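Visitor: I should like to examine one part of this structure closely. Please select a strand and describe its surroundings in a connected account.

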Amino acid sequence: MVITVDDQPGSLLDLLWVREAHQLQPGGDDLPPLLSETPLVVRDSAVDAETHAAWAEAWPRVWDAAAAHAGEERDPGLFEEIQRTVVGSTERADLLHRIVGPNWRALFGDTAFNSASYRTWSDAAAHTQLVAFPARLEDSPERRSLPGLIRAWQAGLTKIVSIPCRGEFTRTVGRTGLLLTNTTREDSDGYQRALRTFI
């Protein structure tokens, strides 16, 4: 049994931060909850009302695409293949896109991230993750929820994607992935409930 756990999905973390730091109010019924660690609001004169509106409109679409990509397993051959390509080539850019997937920066550049708020939040989130890392293997969320994890794996689950958001939230992403909050994953009962949604 092999299950991949991605508890640092970069593209999703960027999207979650952008939504809150820039106070976007994207429409949609199935959006993830707010971040556990609220970032400082960004006040940037370079982000005018028109840009802000375009970001809010695009956010749910980019989120859905990035979440679906996060739920997929990466072909390890892509990493070897990219090493054999020329820097700056179209082939390399295509392979990089297949690895990284849809993301905010590819569509809108780095403008949203040019602030101390992003660096501060990223550092705090990394510290929180490091502190929460279990000292013993048997204390890991997957070990504590092993029976449910086995049943979900037998049903086709191969990847868990965990995001640092408040409360319980679970969604199937792609054919073989499950997206959930760190809160859900850390709570044994919540994790079992989340895994049952895959079966």
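Guide: The model is a predicted one, and the account that follows centres on strand β4, residues 177–181.

Burial may be considered first. Five of the five residues of β4 are buried. The covering extends to both faces of the strand: Gly177, Leu179 and Thr181 lie buried on one side, and Leu178 and Leu180 are buried on the other.

The pairing of β4 involves strand β2 and strand β3. With β2, which spans residues 159–163, β4 pairs in the parallel sense over five bridges. Within this pairing, Thr181 of β4 is the bridge partner of Ile163; Thr181 is also one of the buried residues named above. With β3, residues 170–173, the sense is antiparallel and there are four bridges. Here Leu178 of β4 stands opposite Thr172. Strands β3 and β4 together form a hairpin, with three residues between them. In that turn, Gly174 has a positive phi of about 70°.

A helix pair may be added to the description. The axes of helix α8 (residues 146–154) and helix α10 (residues 188–196) come within 9 Å and cross at roughly 10°. Because angles under 35 degrees count as roughly parallel, α8 is roughly parallel to α10. On the α8 side, the contact involves Pro147, Gly148, Leu149, Arg151 and Ala152, which meet Tyr191, Gln192 and Leu195 of α10. By class, this contact of α8 with α10 comprises five nonpolar, two polar and one charged residues.

Conventions: Residues are numbered from 1 along each chain as its sequence is written. This is a predicted model: local features need pLDDT of at least 70, side-chain atom pairs count only at pLDDT 80 or more; totals for chains, interfaces and linings use all residues. Side-chain values use heavy atoms; hydrogens and water are left out. Buried means under 20% relative accessible area, exposed over 50%, partly exposed in between (1.4 Å probe, protein chains only). Helices (H or I, at least four residues) and strands (E, at least two) are DSSP runs, numbered from the N terminus. Two strands pair if DSSP finds at least two bridges between them. Axes are lines fitted to C-alpha atoms, for helices over the stretch in contact, and angles run from 0 to 180 degrees between N-to-C directions. Angles under 35 degrees count as roughly parallel, over 145 as roughly antiparallel, 65 to 115 as roughly perpendicular and the rest as oblique. Contact means heavy atoms within 4.5 Å. Ala, Val, Leu, Ile, Met, Phe, Trp, Tyr, Cys and Pro count as nonpolar, Asp, Glu, Lys and Arg as charged, and the others, Gly among them, as polar.
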